[in-house]
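Work through the exercises below with the sequence and the coordinates open. Each task is followed by a solution in steps.

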Amino acid sequence: MTAFLTTIIVLFIAVAIWQMVKIFDLAQLGASNDQVATDKDNKLNGYLMIGFLIFIYAITIACFIYLGDQPLVSNSASEHGLEIDSLMIISMVVIFIVQIFTQFLLHYFAFKYRGEKGRKALFYADNNTLEAIWTFIPVIVLAGLIIYGLFTWSSVMNIDESEDPIIIELYAQQFNWKARYAGEDNTLGMANVRLIDIDRANILGLDESDPNAQDDVITTELHLPVNRPVLFKMRSQDVLHSAYMPHFRAQMNCVPGMITQFGFTPTITTAEMRLNPDIVEKVANINAIRADKKEEIEARGQELLYEFDYLLLCNKICGKSHYNMQMKIVVETEEEFNAWMSEQKNFENSLIN
């Protein structure tokens, strides 16, 4: 399949270069009249436009047959994720309908009104009715999508503090993540990059004199209790990063010198998501590919079999190891989360005197 697509792309590039050369020749001053398109050329181009329209529709139908369920599959694992997915599906449906209609008009008119000797194009200065139609309809459709999107974004970003969300800081640095839990008081201690002291294991620059910082817990793995609101505070130590958690439909930039935030409620545990038929199929496909590269994977000292995990990724190109900047996310029951938290050292106890 890859070879076929590569061949098609190379063919299209060759055709494009050929056409550009012809356009360049036609544009030269003093070009002879025999380079002007004839009725035969126009007729051929008209039929090619219809042929390309049929090709577009055939590809579209094939995509629906083989991949039609993909846009409708939702592996969202957060409370607001379904809203984001609905917004995406509605936008894609509108775009698809407009694309089908406009592509037909474009190619059909290119065929119907192709050049013919002796036929003169009608000079049509303007039509206020038509202009109003193709101005107001897009305005109304786009306004509807934008307003719907704004309401969706507003509902996602308005964190209800009365729900007492768990406060967690996501700390980004080239090229890894750290998570800082607010501890029993659920209040993050003050921090500043100027206070980083590697010798004392103060790796995030917490203010050691701040009482709220003493019970903070710093981890390299993110654990979240299911069905419990979480509010993330995000910092960056060096360059612009972006905290991206695809299955939770969550993304927010981590900007040096300021704190950004994003909140959501996870609704599906890691164990439950691993049983999702779509996830099971994807994992099986990945492991089949990895089995073909067994020696290479084992030579790198990696586990051969892949197991699904939620991931926190960086969605900004932040340097040469950007591709590998990720952190495992575990969504579990409240009891499992509390048991895990009880095993973690707080900031006060982790300092080296």
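The exercises go from the overall form to single residues and salt bridges; the model is a predicted one.

**Exercise 1. Overall form**

Task: Decide whether the protein is more spread out than a compact globule or not, using its radius of gyration.

Solution:
- Begin with the secondary structure, which consists of nine helices and 10 strands.
- The radius of gyration is 29 Å, whereas the globule rule gives 20 Å for 353 residues; the value is well over the rule, so the protein is more spread out than a compact globule.
- Add the dimensions: the C-alpha trace spans about 95 × 55 × 45 Å along the principal axes.
- Of the 353 residues, 28% are buried.
- The accessible surface amounts to about 23100 Å², and carbon and sulfur atoms own 63% of that.
- Finally, take the contacts with a separation of 6 or more: 70% of them are between residues 24 or more positions apart.

**Exercise 2. A nonpolar surface patch**

Task: Find which residues make the nonpolar surface patch of about 680 Å², and which elements supply them.

Solution:
- The patch is made by Leu11, Phe12, Val15, Trp18, Phe52, Phe55 and Ile59.
- Two elements give two or more residues each, namely α1 (2-27) and α2 (39-67).
- Helix α1 has the largest share, with four residues.
- Trp18 is located in this helix, α1.

**Exercise 3. The two sides of helix α8**

Task: For helix α8 (residues 334-342), state which residues are buried and how they are arranged around the axis.

Solution:
- The buried residues in α8 include Phe337, Trp340 and Met341.
- Viewed down the axis of α8, the buried residues fall within an arc of 100°, so they line one face of the helix.
- On the face turned away from the buried side, Glu335 and Ser342 are exposed.
- The cover over the buried residues of α8 includes the strands β1 (166-173), β2 (176-181), β3 (217-219), β4 (222-225) and β10 (326-332).

**Exercise 4. Two single residues**

Task: Classify Thr269 as buried or exposed, and list its contacts beyond four places in sequence.

Solution:
- Thr269 sits in the loop between β8 (260-264) and α5 (270-273).
- Its relative accessibility is 10%, and the limit for buried is under 20%, so Thr269 counts as buried.
- Leaving aside neighbours within four places in sequence, Thr269 is in contact with Val226, Tyr310, Val331, Glu332 and Thr333.

Task: Do likewise for Ile90, and give the separation of its C-alpha atom from that of Asn127.

Solution:
- Ile90 belongs to helix α3 (residues 81-112).
- With 38% relative accessibility, Ile90 counts as partly exposed.
- Not counting residues up to four places away in sequence, Ile90 touches Leu145 and Tyr148.
- Asn127 is 37 residues from Ile90 along the chain, and the two C-alpha atoms are separated by 32 Å.

**Exercise 5. Salt bridges around Arg180**

Task: State which residues Arg180 pairs with in salt bridges, and at what N to O distances.

Solution:
- The structure holds nine salt bridges.
- One of the partners of Arg180 is Glu169, with the closest N and O atoms 3.1 Å apart.
- This pair links distant parts of the chain: Arg180 is in strand β2 and Glu169 in strand β1, 11 residues apart.
- Arg180 and Glu169 are both buried, and Arg180 has a relative accessible area of 2%.
- Arg180 also forms a salt bridge with Asp216, at 2.6 Å from N to O.
- Here the separation along the chain is 36 residues, with Asp216 in the loop between β2 and β3.
- Asp216 is buried, at 0% relative accessibility.
- Taken together, Glu169, Arg180, Asp216 and Arg235 are linked in a network of salt bridges.

**Exercise 6. A salt bridge from α8**

Task: Locate the two residues of the salt bridge between Glu334 and Arg228, and classify each by accessibility.

Solution:
- The N to O distance of this salt bridge is 3.1 Å.
- Glu334 is in helix α8, and Arg228 is in the loop between β4 and β5 (230-236); they are 106 residues apart, and the pair links distant parts of the chain.
- Glu334 has a relative accessible area of 26% and is partly exposed.
- Arg228 is partly exposed too, with 24%.

Methods: Residues are numbered from 1 along each chain as its sequence is written. This is a predicted model: local features need pLDDT of at least 70, side-chain atom pairs count only at pLDDT 80 or more; totals for chains, interfaces and linings use all residues. Side-chain values use heavy atoms; hydrogens and water are left out. Patches are made of residues with over 30% relative accessible area and no salt bridge: like charges are joined within 9 Å, nonpolar side chains (Val, Leu, Ile, Met, Phe, Trp, Tyr) within 5 Å. Accessible areas come from the Shrake-Rupley method with a 1.4 Å probe; for residues, only the protein chains shown count as cover. A salt bridge is a side-chain nitrogen of Lys or Arg within 4 Å of a carboxyl oxygen of Asp or Glu. The radius of gyration is taken over C-alpha atoms; the globule rule is 2.2 Å times the number of residues to the power 0.38. Buried means under 20% relative accessible area, exposed over 50%, partly exposed in between (1.4 Å probe, protein chains only). Contact means heavy atoms within 4.5 Å. The arc is that of the directions from the helix axis to the C-beta atoms.
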